[in-house]
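Here's a quick look at how the nonpolar side chains are packed in this one, and at what the cysteines are up to. Have the coordinates open while you read.

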Amino acid sequence: ARPSRKLRVLIVEDEHYVMRALTRGLSDMAEVVGCTTRREAEAILDADRAFDVVLCDLGLEDGSGLDLFDGLGGPTEHLRARFILMSGDDLSGARVDVTLLSKPFDLQRARAAIEQVMASVGDPFETR
């Protein structure tokens with residue numbers, strides 16, 4: 001069942017064409033907030049934790065998407081189960097605690113990964 005509201009998705013991606021394609025392609029199902037660095041993502045999450053899904057590239061200008069994932073705790077702990085790591089590298093067997101989306105991917109695979117994460121966590125995150 002589709003949620004009655006749009007999902008909120010944070011995309012952390014420094015390749016602008018990937019960011020544009022994801023933002024445009026997900027606009028019917030999600031409100032997308034985008035940023036290009038780990039530092040920006042941390043600042044956004046410090047101010048606003050109410051994201052249903054975080055889509056994050058592995059290789060960022062200022063570090064690794066895994067560093068962002070590993071830094072989630074306390075008030076952002078719930079986002080660990082809602083984190084999708086995008087990478088062109090072969091990560092098979094590398095991490096089992098994070099959902100992986102191998103690049104290149106089409107929009108259908110991105111949407112399927114988001115729906116899979118949402119199905120695994122149950123109801124969309126509600127702000128309190």
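## The largest core

In this predicted model, the largest nonpolar core holds 20 residues. Which of them touch the most other members? That would be Leu 22, Leu 26, Leu 55, Ile 84, Leu 101 and Ile 114.

As for where the residues come from, strands S1 (7-12), S3 (53-57) and S6 (83-87) each give two or more, and so do helices H1 (16-26) and H4 (107-121). H4 is the top contributor, with five residues.

## Around Leu 55

Leave out anything up to four places away in sequence, and Leu 55 still touches Val 9, Leu 10, Ile 11 and Val 12, along with Leu 22 and Leu 26. Ile 84, Met 86, Leu 101 and Ile 114 are also on its contact list.

Another core, of 18 residues, lies apart from the largest one. Cys 35, Leu 45, Leu 66 and Leu 72 are among its members.

## The cysteines

How many disulfides does a search of the whole structure find? Zero. Cys 35 is in no disulfide, and the nearest cysteine sulfur belongs to Cys 56.

Why no bond for Cys 56? Its sulfur sits 7.7 Å from the closest cysteine sulfur, the one in Cys 35, and that's too far because a disulfide needs the two sulfur atoms within 2.5 Å.

Are these two buried or exposed? Cys 35 counts as buried because its relative accessibility is 2%, and Cys 56 counts as buried because its value is 0%; the cut-off for buried is under 20%.

Note on methods
Residues numbered from 1 in each chain as written. Predicted model: local features only at pLDDT ≥ 70, side-chain atom pairs only at ≥ 80, totals over all residues. Heavy atoms only, no water. Core = buried A, V, L, I, M, F, W, Y, C linked by side-chain atoms within 4.5 Å. Buried < 20%, exposed > 50% of the residue type's maximum accessible area, 1.4 Å probe, protein only. Helix = DSSP H or I, 4+ residues; strand = E, 2+ residues; numbered from the N terminus. Contact = heavy atoms within 4.5 Å.
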